[in-house]
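Visitor: I am new to this structure and would like a close look at one part of it. Please pick one helix and follow what surrounds it.

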Amino acid sequence: MASMINQDEAMQLAAELEVEMMADMYNRMTSACQKKCIPPKYKEADLSKGESVCLDRCVAKYLEIHDRLGKKLTEMSMQDQEVMKKMQQQQQPAT
Amino acid sequence: MVKMGEGGDTGSGQGRQNLQPMGQDFGRLTQLVIGEQRSHQLVPPATPFGAQQAVRTREELLIQNTMESCGFKTVFACAAGFVLGGAFGLFTAGLDPNLGFDPVKHGADYQPSAREVLREMATRGKSYAKNFAAIGAMFAGTECIIESYRGVSDWKNGTMSGCVVGGAIGMRAGVKPGLLGCAGFAAFSSAIDYFLR
């Protein structure tokens, strides 16, 4: 089965998706880690030691989860594709 | 955005048939975007994401990390405690009428010479300085460690580290003085924190 979109368009699409995804992830990460680590009552502008430690941990965990989920999702989507390919091959000889 | 193509038929109801099948493109795209073939790791936040702070040089970051580290804080508290203790000792030596002169050996109306007075002051200053330095270092160290472990900055860090230090000091005389020391030092530390913040 021929590819729907050629390589250039695929790269461009991937770049656009990636930028959008990174922006979304960044925003979610900052709001989640701020909600978790920084209490709403501000005493001073600088980050204290506890807060910076908490932020380090939060960001590290968030990025690691992002990586792992990405890998898992690609695995699952590749499996889906295999299944669909097999189904199409089975149907074509039948017709 | 390019319209997602439709290939094949959505056919029988097995598994996730809600996906519009894109043939082999979807897997490739996911690989390019979030899989192993993506072009780079997370970019440093550029203008679209909003870099709120100017990018700092390596030396600035190094200095800042050092100043915030637990070891530096402990050493700094030790040095500050030493200076403060020395000053305090010298000061109280001036107030103390006895100043460590043995009444049996010298008699009640003994007038010490200036050299002896100075020596007494120095001894007392050193002893106070060492005590203050040790206590300050222990307090700063434990507070920093507790704060790093909990990841939270609130009043409990000072209280907990006060209990640890007071307990450590008092434990040398027994369990009950240890508990008393813990409670007392924790209360003292909480009071100081309350007035400083």
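Guide: Phe132(B) is a good place to begin: in this predicted model its relative accessible area is 31%, so it is partly exposed, as the class runs between the 20% limit for buried and the 50% limit for exposed. Another aromatic residue, Phe139(B), pairs with Phe185(B); the ring centres are 6.4 Å apart, the planes stand at 50 degrees, and the pair is tilted. Phe139(B) belongs to helix 5 of chain B and Phe185(B) to helix 7 (residues 175-196) of that chain, so this pair ties together parts that are 46 residues apart in sequence.

Helix 5 of chain B is the part to follow from here; it covers residues 114-150. Phe132(B) lies in helix 5 as well, while Phe88(B) lies in helix 3 (residues 70-95) of chain B, so their pair joins parts 44 residues apart in sequence. For Phe88(B) and Phe132(B) the ring centres are 5.7 Å apart and the planes meet at 35 degrees, so the pair counts as tilted. Phe88(B) is partly exposed, at a relative accessible area of 40%. Ring pairs also bring in Tyr128(B), which forms a cluster with Phe88(B) and Phe132(B). Over all chains, the count of aromatic pairs is seven.

Next comes the contact of helix 5 with the other chain. The secondary structure of chain A consists of two helices and zero strands. Of the 95 residues in chain A, 31% are buried. The exposed area of chain A is about 7000 Å², with 56% of it supplied by carbon and sulfur atoms.

Helix 2 of chain A (residues 49-94) and helix 5 of chain B have axes that come within 8 Å and cross at roughly 35 degrees. This crossing of helix 2 of chain A and helix 5 of chain B is right-handed. On the chain A side, the contact is made by Lys49(A), Gly50(A), Val53(A) and Arg57(A) of helix 2; on the chain B side, by Cys144(B), Glu147(B), Ser148(B), Tyr149(B) and Arg150(B) of helix 5. Sorted by class, the residues in this contact are three nonpolar, two polar and four charged.

Ser148(B) shows the contact at the level of one residue. Leaving aside residues up to four places away in sequence, Ser148(B) touches Lys49(A), Val53(A) and Arg57(A), and also Cys70(B). The relative accessible area of Ser148(B) is 16%, so this residue is buried, the limit being under 20%.

Key. Residues are numbered from 1 along each chain as its sequence is written. Chains are lettered from A and ligands numbered from 1 in the order in which they are written. This is a predicted model: local features need pLDDT of at least 70, side-chain atom pairs count only at pLDDT 80 or more; totals for chains, interfaces and linings use all residues. Side-chain values use heavy atoms; hydrogens and water are left out. Helices (H or I, at least four residues) and strands (E, at least two) are DSSP runs, numbered from the N terminus. Buried means under 20% relative accessible area, exposed over 50%, partly exposed in between (1.4 Å probe, protein chains only). Contact means heavy atoms within 4.5 Å. Accessible areas come from the Shrake-Rupley method with a 1.4 Å probe; for residues, only the protein chains shown count as cover. Axes are lines fitted to C-alpha atoms, for helices over the stretch in contact, and angles run from 0 to 180 degrees between N-to-C directions. A crossing is left-handed if the near helix is turned anticlockwise from the far one by less than a right angle, and right-handed if clockwise. Ala, Val, Leu, Ile, Met, Phe, Trp, Tyr, Cys and Pro count as nonpolar, Asp, Glu, Lys and Arg as charged, and the others, Gly among them, as polar. Rings of Phe, Tyr and Trp (its six-membered ring) pair if their centres lie within 6.5 Å; planes under 30 degrees apart count as stacked, over 60 as edge-to-face and the rest as tilted.
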